[in-house]
Amino acid sequence: MRKIIECLALSALLSSSAQAQIDSNAVCENASCCSKEVGLPAGLMLGHIHPKGEWMISYRYMNMSMEGIQQGVSALSSDALFKSYVMAPEEMQMNMHMLMAMYGVNKRLTLMGMINYNTNLMHMQMFGEGENHVHDGSTQSADEHHMHSMGFGDIKLYGIYALINKQKHKLMLNAGLSIPTGTTTIVGDVNGIPAYINKRLPYMMQLGSGTFDVLPGISYLYHKKTSTIGIQSNANIRLGYNKIGYSLGNEISTSTWYAYRWLTFLSSSLRAEFSVSEQIYGADASLYAYNEPAANSKNYGGQRGVIYLGSVWQPFSGTCKRWQLAAEFGIPVYQNVNGIQSPSKYFINTNLNVVF
Ligand SMILES: [Cu+2]
């Protein structure tokens with residue numbers, strides 16, 4: 001942390017350092033040319049390659065916060081929900097900590113591996129409690145309204161191949177495989193929601209998909225001296241059913257963004273993302289589907305549009321020239337959920353990269 005603060009202070013002093021020059025026809029082969037591109041928005045893990053022999057280690061943190069209840073595109077009251085379900089979601093926090101390594105095999109192919117640690121916390125309201133229940137500890141403990149889970153998720157391995165690798169134009173294909181290392185059998189603890197004590201928690205509280213998943217994608221970037229325009233699509237295709245008897249829905253998302261470097265070491269980005277995911281195929285037979293919406297496999301997936309504002313700090317020179325720090329904040333502008341779900345409220349993406 002101290003190192004990062006030193007780097008931030010230093011980069012402010014070095015703001016007069018020269019901008020990278022871009023030759024539109026030159027092929028990007030060495031570290032100095034690629035690293036001076038305007039940084040990618042923090043939420044995009046893919047979309048860049050490394051020169052031959054170069055490593056990148058990255059720590060990423062992603063948060064998704066959800067609040068309220070929605071059916072399709074409309075808000076739903078908890079009273080209406082209680083006509084079918086015993087419990088209603090109030091809010092949920094999903095946090096993902098990722099450690100990622102990248103390596104440039106040659107001037108076109110980069111390999112990447114990623115492991116993540118997840119924490120999930122959902123706060124529920126029970127039927128008959130009213131909108132503003134209090135945790136006074138007299139009849140029920142606060143734990144009786146929460147579900148939580150934590151642990152390592154699925155390991156992901158990627159290859160990223162640059163079909164076009166010019167300084168101005170880059171076209172990259174990526175292919176990945178998600179290995180089901182994250183558990184799908186987390187149970188509720190003895191102090192938690194009574195319905196889940198020692199019983200399997202619903203799908204969204206589990207840490208992995210339980211299936212091998214194929215992760216194809218494509219990115220196109222147009223770089224100018226101080227700006228980048230990009231478009232990227234990624235899909236997640238589930239191979240078969242897991243041992244519990246369900247398969248998470250397939251997903252596809254497309255992002256387009258504009259990033260502008262307004263100081264030598266600082267750029268900002270505006271990104272629009274649209275994603276579609278399917279509902280769950282099959283079901284976990286141990287879950288009572290009308291306990292709460294997350295326990296029902298029909299209440300997963302949908303369509304979502306999110307607008308993100310972000311910044312990347314990238315000094316390029318001085319003692320911290322190998323470091324990059326990025327952050328992004330997203331607000332959903334459109335959500336059409338399958339069935340009944342807790343809609344997302346905001347997204348936070350951050351990452352710290354070092355190249356060597
Ligand atoms: Cu990288």
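Is aspartate 284 buried or exposed, going by the other C-beta atoms within 10 Å? Aspartate 284 is buried, because 20 other C-beta atoms lie within that distance, and 20 is the number at which a residue begins to count as buried. Keep this residue in mind as we walk through the structure, which is a predicted model.

## The chain as a whole

The chain has 356 residues, and 38% of them count as buried. Its secondary structure comes to three helices and 17 strands. Among the contacts with a separation of 6 or more, 71% are between residues 24 or more positions apart.

How confident is the predictor? The mean pLDDT of the chain is 87, and 86% of the residues reach 70 or more. Confidence is highest in strand 15, at a mean of 97, and lowest in helix 2 (residues 31–34), at 48. Residues 10–24 have pLDDT below 50, and this stretch has 30 contacts in the model beyond near neighbours in sequence. Residues 135–139 also stay under 50, and for them the model has one contact beyond four places in sequence.

## Strands side by side

Several strands pair in the antiparallel sense, and the table gathers them with their bridges.

| Strand pair | Sense | Bridges |
|---|---|---|
| Strand 4 and strand 5 | antiparallel | 17 bridges |
| Strand 5 and strand 6 (residues 146–152) | antiparallel | seven bridges |
| Strand 5 and strand 7 (residues 155–165) | antiparallel | six bridges |
| Strand 8 (residues 169–179) and strand 9 (residues 212–223) | antiparallel | 10 bridges |
| Strand 9 and strand 10 (residues 227–239) | antiparallel | 10 bridges |

Strand 5 is a good place to begin reading the pairings. A hairpin with four residues between the strands links strand 4 and strand 5, and within this pairing glutamate 91 has histidine 123 of strand 5 as its bridge partner. Towards strand 6, leucine 121 is bridged to histidine 148. Towards strand 7, glycine 113 stands opposite leucine 157.

Strand 9 can be followed in a similar way. On the strand 8 side, glycine 176 stands opposite leucine 215 of strand 9. On the strand 10 side, phenylalanine 212 faces leucine 239. A hairpin of three residues joins strand 9 to strand 10.

## The nonpolar cores

Which residues touch the most other members of the largest nonpolar core? They are Ala88, Met124, Met147 and Met205, in a core of 26 residues. Strand 4 (87–104) and strand 5 (109–126) are the elements that give two or more residues to this core. Strand 4 gives the most, with three residues. Apart from this core lies another, of 13 residues, among them Ile49, Met56, Met102 and Met112.

Methionine 147 is worth a closer look. Leaving aside neighbours within four places in sequence, its contacts include Met122, Met124, Gly188 and Gly192. Ile193, Tyr196, Leu201 and Met205 are also in contact with methionine 147.

## Three loop residues

Now back to aspartate 284, which is found in the loop between strand 14 and strand 15. Beyond four places in sequence, aspartate 284 is in contact with Arg200, Tyr203, Ile244, Gly245 and Tyr246. Its C-alpha atom is 9.8 Å from that of leucine 201, although the two residues are 83 residues apart along the chain.

Serine 297 is found in the loop between strand 14 (281–282) and strand 15 (302–313). Serine 297 counts as buried because it has 23 C-beta neighbours inside 10 Å. Its contacts beyond four places in sequence are Tyr203, Tyr246, Gln279, Ile280 and Ala283. Serine 297 and proline 202 are 95 residues apart in sequence, with 8.9 Å between their C-alpha atoms.

Why does asparagine 198 count as exposed? Asparagine 198 has 9 C-beta neighbours inside 10 Å, so it counts as exposed, since a residue with 12 or fewer falls in that class. Asparagine 198 lies in the loop between strand 8 and strand 9. The phi angle of asparagine 198 is near 55°, a positive value in a residue other than glycine.

Terms used: Residues numbered from 1 in each chain as written. Predicted model: local features only at pLDDT ≥ 70, side-chain atom pairs only at ≥ 80, totals over all residues. Contact = placed C-beta atoms within 7 Å. Core = buried A, V, L, I, M, F, W, Y, C linked by C-beta atoms within 7 Å. Pairing = 2+ DSSP bridges. pLDDT = per-residue confidence, 0-100.
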